[in-house]
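New to this one? Take a look at the sequence and the model first, and then we'll walk through the inside of it together.

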Amino acid sequence: MIIAVEGPSAAGKTTWCRATGRPFVAEYSPTGREPDGSDPNEHARYWSRVNTQRWTQALVLEETTDLAICDSDPLKLHYSWCLAAVGAEPISRFEHEFAAVREMFLDRRLGFADVVLLSIPDPQRLLAQRNGDPTRRRRHFDLHARLSEPLAEWYAAVERLDPGRVLPSFPECLDVVEQVPPRPDRCDVHLLDRFLDELPSLTR
């Protein structure tokens, strides 16, 4: 089983992953060599490769321990959609990234996690948790906090399409998660296409 732990910045994703006492796939750490977005195709391909690398790490961890926990969703396609939803990026960025991700699905190099644990604390709690963690800079915290609402909409669409895949909290133990049956085909490109139709439409 592959479990994605999701929520806005300072929601407690990494804290929860560490508390399980199990190895997990860490969130992406910026290198300073990321593309600047001037070439949308290059930008999309770069991030699809990053996501594929994390997905591969999850598959290896699942093979060795039966359970792969991921600090943020390896698919990560929601990020550009949420940015477009709040007007921080054009919807074309998401469209390019979706096309790149779709190619990875066709090659079976990327897929949907079996379960998504989603926690979206209220703004006051997010701010308190950000301020209580001096080890993280969170330079884009204000922007990421604005993504909470579209993030909820994104995973609501996932749940409508495939009920039971999204659990709305970080549980105290893994027992409740392990009771969820694995999905038969994580890399189903038709499911990905249907999911696109399930998303709320965004104004260009």
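What follows is a short tour of rings, helices, a cavity and a few backbone oddities.

Keep in mind as you read that this is a predicted model.

**The aromatic rings**

Let's start with the rings. The structure holds nine aromatic pairs. In one of them, the rings of W81 and W154 have their centres 5.8 Å apart, and because their planes meet at 55°, the pair is tilted. This pair ties together distant parts of the chain: W81 belongs to helix 3 (residues 78–85) and W154 to helix 7 (residues 148–161), with their positions 73 residues apart. Both W81 and W154 are buried.

Another pair is formed by F105 and F112; this one is edge-to-face, with 5.4 Å from centre to centre and 70° between the planes. With a relative accessible area of 1%, F105 is buried, and F112 counts as buried too, at 7%.

These four residues also belong to something wider. Ring pairs join W81, F94, F98, F105, F112, W154 and F195 into a cluster.

**Two helices that bury a lot of residues**

Helix 4 covers residues 91–106. Does its length agree with what its residue count predicts, or disagree? Its 16 residues should span 22 Å at 1.5 Å a residue, and the C-alpha atoms at its ends are 23 Å apart, so the two agree. The buried residues of helix 4 are I91, R93, F94, E97, F98, A100, V101, M104 and F105. A bit of background helps when you look at such a list: an α-helix has 3.6 residues a turn, so residues three or four places apart point the same way. As for what they touch, the buried residues of helix 4 pack against helix 2 (40–65), helix 3, helix 7 and helix 9 (189–198). Just past the end of helix 4 comes R108, which takes a positive phi of about 60°.

Helix 7 passes the length check as well: its 14 residues should span 20 Å at 1.5 Å a residue, and its end C-alpha atoms are 20 Å apart, which agrees. Its buried residues are S148, P150, L151, W154, Y155, A157, V158 and L161.

**A cavity inside**

Is there any empty space left within? Rolling a probe the size of a water molecule over the atoms shows where empty space is left. Here the count comes to one cavity of 30 Å³ or more, and the largest cavity has a volume of about 40 Å³. Which residues line the largest cavity? They are D73, L75, F112, A113, V116, W154, Y155, V158 and R165. Helix 7 gives the largest share of that lining, with three residues. Sorted by type, the lining has seven nonpolar residues, no polar ones and two charged ones. You'll recognise W154 and F112 from the rings: both are in the cluster, and both are part of this lining.

**R54, V25 and their surroundings**

Now move over to R54, which sits in helix 2. R54 counts as buried, at 6% relative accessibility. Setting aside neighbours within four places in sequence, R54 is in contact with V25, A26, E27, Y28, C70, D71, S72, D73 and P74. One of these, D73, is also in the lining of the largest cavity.

V25 is in strand 2 (residues 24–25) and counts as buried at 3% relative accessibility. From C-alpha to C-alpha, R54 and V25 are 6.9 Å apart in space, although 29 residues separate them in sequence. For V25 and S92, 67 residues apart along the chain, the C-alpha atoms are separated by 29 Å. Again leaving out neighbours within four places in sequence, V25 is in contact with R54, Q57, A58, L61, I69, C70 and D71.

**Backbone oddities in one loop**

Most residues other than glycine have a negative phi, and most peptide bonds are trans. S72 and K76 go the other way on phi, as the table shows. S72 is in the loop between strand 3 (68–71) and helix 3, and K76 is placed in the loop between strand 3 and helix 3 too.

| Residue | Phi | Relative accessibility | Counts as |
|---|---|---|---|
| S72 | about 90° | 3% | buried |
| K76 | near 55° | 30% | partly exposed |

Conventions
Residues numbered from 1 in each chain as written. Predicted model: local features only at pLDDT ≥ 70, side-chain atom pairs only at ≥ 80, totals over all residues. Heavy atoms only, no water. Phe/Tyr/Trp six-rings, centres within 6.5 Å; stacked < 30°, edge-to-face > 60°. Helix = DSSP H or I, 4+ residues; strand = E, 2+ residues; numbered from the N terminus. Buried < 20%, exposed > 50% of the residue type's maximum accessible area, 1.4 Å probe, protein only. Expected span 1.5 Å × (residues − 1). Contact = heavy atoms within 4.5 Å. 1 Å grid on protein atoms, 1.4 Å probe; cavity = no way out; pocket = protein on both sides within 12 Å on 5 of 7 lines; lining within 4 Å. Points joined across faces, edges and corners; volume = space filled by probe spheres on them. Nonpolar A, V, L, I, M, F, W, Y, C, P; charged D, E, K, R; others polar.
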